Amino acid sequence: MQLPWRAAPRAALSSPLTLLVSVVTTLLLGFVVAAAVLHSSSAGSAALAYQQSRICPDSVHPSLYGDGLPLATAATMSARSPVGTVYTRIGRPDFNGLATYGRFGYRPDALSHLTVVEGGGTGLWVPQTIATAARVRVGDRLTGSPLTVTAIYADLAYPVSGFWCSEAKTVVPNPLGGDGASTSVIWVPQVSDLSSLPPEFSSGASVSLRYPTSPLSTLDEAEALRDKGNAFISALGLPLTRTDVLSSAITAARTSERNVSSALLPLVIISVLVGLAGVGTVTVQWAQRRHSELRLLWVRGAGPLALGFRGVLELGLPLVLGGLLGLVAARLLLPLYAPGVSLAPGTLWVALGFVLAVVLASLAVTVLVASWRTHRTFQRRARSWRLSLVPWELGVALLAVLAWVRLSRNGLGTVVKSSELPKIDVAALTFPLLVVLATALFATRLLRWSLGWSHRVQWWQVPAAQLALRRLAAAVGPATGVLLVGVLAVGTIAVGSAVAGAQRSALDSKSGVFVGANSTVQVSQDIALGRVALPSSLQGNTTLVGVSTGALVVDPATFTDAAVVDDVASVRTLLSSLHRTGEIAPAVRIGRSANQEIQITGLPLLKPVAQLPAFPKLGTRGYVVARESVPAVEQVGSWHLWSSLPLSTLTSSLQAAGIHYTNVADRGRVLDGLPFLTVEWTFAFVTAIGVVLAVVAAVALLLAVEVRRRQNAVSGALSTRMGLRPSVLWSSHLLEVGALALPALAIGALASFVSAGFAVSRLDPAPWLNPAPMLPDLTGLLGSMVLGGLVVVVVAAWLALRGVRTARMGELLR
């Protein structure tokens with residue numbers, strides 16, 4: 001027979017609630033799939049942006065470098081690049097007969113990035129250190145050359161600006177190095193001026209050819225630039241060494257993108273299956289609502305498959321619309337859940353393809369479920385068997401055990417080298433989520449059993465609780481579904497937030513232990529000997545630390561002012577107790593160091609008198625001795641200033657005081673944070689999925705109340721007519737809804753905190769550095785989830801009570 005094609009879509013409007021649920025179901029399904037695609041692409045772009053932030057801007061494009069060249073040849077080659085720099089070898093330029101070490105250099109636009117101390121113009125620009133040592137003044141002529149000095153500039157010092165970062169090792173002298181090891185640069189205004197230098201500088205020159213580019217947004221742009229740049233450099237045919245730091249950045253970003261994608265794949269598959277199960281549930285409800293019409297069509301000769309396509313005619317358009325709305329929502333909300341907003345070209349089309357695939361899968365599920373339902377209803381009664389009887393939680397628990405075994409053996413990944421990103425073990429990564437899922441299934445089964453035996457409970461002395469229990473028992477299916485999704489939502493949000501927060505804190509803690517403080521610089525022994533005093537701006541935030549092989553020499557009074565330590569008071573007390581009374585100096589033994597007297601070069605004989613598990617800079621092995629216990633401070637390997645200030649503030653204070661320094665270290669840049677960011681981005685998406693599940697749970701709860709509105713209205717109206725107080729009825733609905741929301745919140749939080757507590761220490765991208773990741777403080781997150789759950793409970797109870805208050809008794813009885 002001909003199905004009523006034209007009437008079917010219009011007939012769907014008679015059940016707006018079913019249409020709304022269909023749209024919401026595929027909207028969330030499309031959002032999850034599209035968001036996974038967009039998140040993975042943005043992770044690659046974000047990884048590239050992070051790598052670029054650690055690369056000098058002039059070094060992004062492949063470049064060329066050569067050393068030991070004739071000066072004339074180097075000057076000629078420099079013209080082949082918009083940023084062609086030439087440096088002579090280090091010699092002894094003579095201005096007034098007081099020759100000192102120096103080198104000459106040329107770089108386009110270099111003079112505009114120098115700070116003039118005296119003079120100006122277009123002659124030689126001499127650094128202040130050379131001018132002071134050689135008594136150079138503006139107007140002096142370079143011996144053996146017609147070039148004259150027109151300006152004296154302030155020496156460059158760390159940290160340098162982006163303009164100089166690619167040549168920092170050349171233009172920034174090491175004031176603590178030996179004579180002739182390094183020096184500042186005397187700049188010439190034009191490359192042709194290099195030919196006028198004395199003959200002793202005509203050989204041993206170095207040249208670098210760089211090609212500045214605008215910042216890259218996506219990996220495709222980076223790969224295109226790399227290929228085009230390498231082809232261009234090859235075409236130059238110059239006998240120089242090629243440097244290509246962009247290739248390693250691209251490789252790291254691609255690895256990060258693949259890691260995120262592979263880690264998200266199991267979660268997305270599970271989410272899709274759950275979403276398709278939701279579509280099947282909607283289809284079953286549709287078949288129940290259309291039972292009379294389907295029976296009529298069945299009697300007139302329509303088969304199960306034809307009736308299944310009738311379901312598509314009614315629900316197909318809402319399903320397609322929901323999927324497209326999910327794609328739109330994923331794109332609009334990208335800044336909220338993704339690590340960046342830059343997407344590779346064509347990513348939206350790929351996301352659209354996956355959304356259409358899940359929409360087609362939803363339509364197929366609609367056809368199959370509707371056909372199966374009509375076949376079972378009109379053709380034969382199949383032997384009933386319940387999926388709820390299958391011990392799903394035992395199977396999930398077994399998978400969780402296997403994931404824990406992988407996690408405990410391999411940690412986060414199979415590669416633990418500082419030069420490589422970890423290859424994320426997806427099986428190990430899913431351990432906390434599997435624990436949450438197993439707990440949710442077990443809680444659902446307990447609730448179903450409990451509601452099955454609830455008819456034996458007699459709580460009529462508490463009418464609100466008794467009525468709430470009866471209503472829950474009458475709607476055991478929706479109740480267990482809400483609990484399941486609620487536990488998964490709370491657990492997923494907590495797991496994602498816990499692991500992501502642990503990665504952020506781990507990177508910060510490991511960087512602090514590796515550097516010792518927020519910023520450090522190496523200084524001369526004059527500060528340790530008391531010949532040079534620290535400026536007042538560094539008092540209370542900076543300490544002097546001596547570093548010898550396997551030991552630190554610290555000042556107990558100021559060490560905790562700058563060092564990164566967990567328990568400041570206990571460390572200060574312990575260091576203050578290190579008083580030397582004889583030839584042997586008391587020391588603190590760190591971690592696994594030998595508990596015996598030890599002789600370290602430059603230090604007295606050390607005797608451990610206390611022990612700490614870890615210590616800044618030393619990690620888990622070494623010794624700490626008080627500065628007053630070391631009589632010969634000049635024999636200590638090197639002296640460093642540790643400060644709680646940013647590196648730029650520390651160096652500015654030292655420059656203002658005229659204190660020389662070298663070997664700077666910044667806590668924020670000392671470690672490659674991409675491995676940590678990769679894991680953080682992965683679990684940030686887990687948190688986003690948890691938020692989606694929370695929305696599903698809230699909507700399911702509100703829809704369950706709305707679907708049973710007539711039933712609640714009848715029972716509530718009759719109860720009030722029989723003398724039940726409105727306050728008791730309000731309390732009853734609060735208890736009913738709260739009996740689902742509160743256990744979901746408590747069980748989900750407990751399962752996630754326990755599983756994440758075991759997992760975070762193993763999910764360590766850099767296990768060779770201490771400390772291990774630790775569970776962050778999630779009090780704020782728990783409070784926000786409690787507040788959100790409370791709002792949903794109050795709204796659901798208000799909807800139920802509104803149906804009672806607006807009900808007309810005569811219509812209900814009729």
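Within the largest nonpolar core, which counts 114 residues, the members that touch the most others are Phe-31, Tyr-337, Phe-683, Phe-685 and Leu-763. Please keep in mind that this is a predicted model. Below is a quick tour of its cores, one helix and a cavity.

**Nonpolar cores**
- Phe-685, one of the residues touching the most other members of the largest core, is in contact with Val-32, Ala-35, Ala-36 and His-39.
- Leu-264, Leu-267, Val-268 and Tyr-337 are also in contact with Phe-685, leaving aside its neighbours within four places in sequence.
- Another core lies apart from the largest one and has 33 residues, including Ala-74, Phe-104, Val-188 and Tyr-211.

**Helix α19**
- Helix α19 spans residues 568–576, and Val-571, Leu-574 and Leu-575 in this helix are buried.
- Seen down the axis of α19, the buried residues fall within an arc of 95°, so they line one face of the helix.
- Packing against these buried residues are the strands β12 (551–554), β13 (585–591), β15 (605–612) and β16 (621–626), along with the helix α18 (559–562).

**Cavities**
- You will find five cavities of 30 Å³ or more in the structure, and the second largest has a volume of about 60 Å³.
- The second largest cavity is lined by Ala-263, Leu-264, Leu-267, Leu-429, Thr-430, Leu-433, Thr-682, Phe-683 and Val-686.
- Two elements, α7 (245–289) and α21 (674–707), each give two or more residues to this lining.
- By class, the lining of the second largest cavity has seven nonpolar residues, two polar ones and no charged ones.
- Leu-264 and Leu-267 appear in this lining and are also in contact with Phe-685.

Terms used: Residues numbered from 1 in each chain as written. Predicted model: local features only at pLDDT ≥ 70, side-chain atom pairs only at ≥ 80, totals over all residues. Heavy atoms only, no water. Core = buried A, V, L, I, M, F, W, Y, C linked by side-chain atoms within 4.5 Å. Buried < 20%, exposed > 50% of the residue type's maximum accessible area, 1.4 Å probe, protein only. Contact = heavy atoms within 4.5 Å. Helix = DSSP H or I, 4+ residues; strand = E, 2+ residues; numbered from the N terminus. Arc of directions from axis to C-beta. 1 Å grid on protein atoms, 1.4 Å probe; cavity = no way out; pocket = protein on both sides within 12 Å on 5 of 7 lines; lining within 4 Å. Points joined across faces, edges and corners; volume = space filled by probe spheres on them. Nonpolar A, V, L, I, M, F, W, Y, C, P; charged D, E, K, R; others polar.
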